[in-house]
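This report describes the architecture of one protein chain for a reader who works at the bench. It takes up charged pairs, strands, nonpolar cores and one helix in turn.

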Amino acid sequence: MDNTFSQWKKQRLNKLDLSKKGSVDEDITHVVSLLNSCEEYFTTSSCSGRLILIDGASESSDVHKQNCVWLFVSHQKCKSDDLMCGLSRSGGDAVFKFEPFVLHVQCRRLEDAQLVHSAAINSGFRNSGLTVSKTGKIITAVRSTHGLEVPLSHEGKLLVDHEYIHFLTQIANQKMEENLRRIHRFYQNLQSALPPEKLQIPDPPISQEAQDTRLETEKGEEEEEEKDEKNKTSVYKRRRKRERHHWTDCCHGDGSGIVPELGDCLDLFT
């Protein structure tokens, strides 16, 4: 089985990339490189997440047919002007979609697949799953359900106003930002789960947008930790204040002139 898996991996990694783009998306090169550097894994397909505007035939409800026209596509955030420019070329039924990160990983053993699956689930990719083919191939699919699909035109006629296009763009960009945060968490979880000796590659450069998103995530985590520390300090101060107040009452008495034994006061601190 090990030799067969190694052959599968060699064949896959030596194949040409037949995707439209022809290469791995910039924002997930570090994830793909990490998995492919491990003997237990190799990636078979991936997409970092994309915004697309496609034009389908008016008589067909299936926007996934081969004859669809791609009016706009981006693996980064977009502007409302980008959509308007694409819609100006629509002659059928235009649909705007956000498709989140997806990754298919072939794994040597079931326990290897479960590791990747757990890292994906803990990162927010709730729709991830495992499959085992009849030939014994174990595949982990990393994916989520926070996509978006909205029809915008019919027979070339725009169905919504410019204000809605602007609002829709903001929603899609927010989803893209969350998508990048989940990718960052997934990579961190993989690093934590894999044995240290398998982590032999550095983080490659990623897009400025992804870096900004990662910094925002790390800043948010630091602020939460700082807030927790402040809360703990506040609780400690209140507890010490109560103890000092109790000690003062004990040692100074209640005005009756009776002073307690020193041992009784010290009991408060034991």
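Which side chain meets that of Lys-97 in a salt bridge? In this predicted model, the partner is Glu-99, at 3.2 Å from N to O. Lys-97 counts as buried, because its relative accessibility is 5% and the limit for burial is under 20%.

**Salt bridges**

The structure holds 8 salt bridges. Three of the pairs are listed here.

| Salt bridge | Distance, N to O |
|---|---|
| Lys-97 and Glu-99 | 3.2 Å |
| Glu-177 and Lys-77 | 2.8 Å |
| Arg-181 and Glu-178 | 3.2 Å |

In general, side chains of opposite charge can pair when their charged atoms come close. The side chains of Glu-177 and Lys-77 form one such salt bridge. Glu-177 belongs to helix α5, whereas Lys-77 sits in the loop between β3 and α3 (80–87), so this pair ties together parts that are 100 residues apart in sequence. Glu-177 is partly exposed, at 23% relative accessibility, and Lys-77 is also partly exposed, with a relative accessible area of 35%.

The pair of Arg-181 and Glu-178 is placed within a single helix: both residues lie in α5, 3 residues apart, or about one turn of the helix. An α-helix has 3.6 residues a turn, so residues three or four places apart point the same way. Glu-178 has a relative accessible area of 21% and is partly exposed. Through salt bridges that share partners, Glu-178, Arg-181, Arg-182 and Arg-185 are joined into one network.

**The four-stranded sheet**

An open sheet of 4 strands follows the order β3-β2-β4-β8, and its pairing is antiparallel. Its edge strands, β3 (69–74) and β8 (148–151), each pair on one side only. On average, neighbouring strands of this sheet are turned by 15 degrees against each other, direction ignored. Strand β2 (residues 50–56) and strand β4 (residues 93–99) run antiparallel and are joined by 7 bridges. Gly-56 has Asp-93 of β4 as its bridge partner.

**Nonpolar cores**

In soluble globular proteins, nonpolar side chains tend to be buried together. The largest nonpolar core here has 24 residues, and Leu-103 and Phe-186 are those with the most contacts inside it. At least two residues of this core come from each of α2 (29–36), β5 (102–107), α4 (110–122), β7 (138–142) and α5 (162–193). Helix α5 gives the most, with 5 residues.

What does Phe-186 contact, leaving aside its neighbours within four places in sequence? The residues in contact with Phe-186 are Val-31, Phe-101, Leu-103, Val-116, Ala-119, Ala-120, Ser-123, Phe-125 and Val-142. Apart from the largest core lies another core, of 17 residues, which includes Leu-71, Ala-94, Phe-98 and Ile-165.

**The buried side of α3**

In helix α3, the residues Ser-80, Leu-83, Gly-86 and Leu-87 are buried. These four cover an arc of only 125 degrees around the axis, and they therefore lie on the same side of α3. Against which elements do the buried residues of α3 pack? They pack against β2, β3, β4, β10 (157–158) and α5. Of these elements, β2, β3 and β4 also belong to the open sheet, while α5 carries Glu-177, the salt-bridge partner of Lys-77 in the loop between β3 and α3.

Conventions: Residues numbered from 1 in each chain as written. Predicted model: local features only at pLDDT ≥ 70, side-chain atom pairs only at ≥ 80, totals over all residues. Heavy atoms only, no water. Pairing = 2+ DSSP bridges. Axes fitted to C-alpha atoms, helices over the stretch in contact; angles between N-to-C directions. Core = buried A, V, L, I, M, F, W, Y, C linked by side-chain atoms within 4.5 Å. Buried < 20%, exposed > 50% of the residue type's maximum accessible area, 1.4 Å probe, protein only. Contact = heavy atoms within 4.5 Å. Salt bridge = Lys/Arg side-chain N within 4 Å of Asp/Glu carboxyl O. Arc of directions from axis to C-beta.
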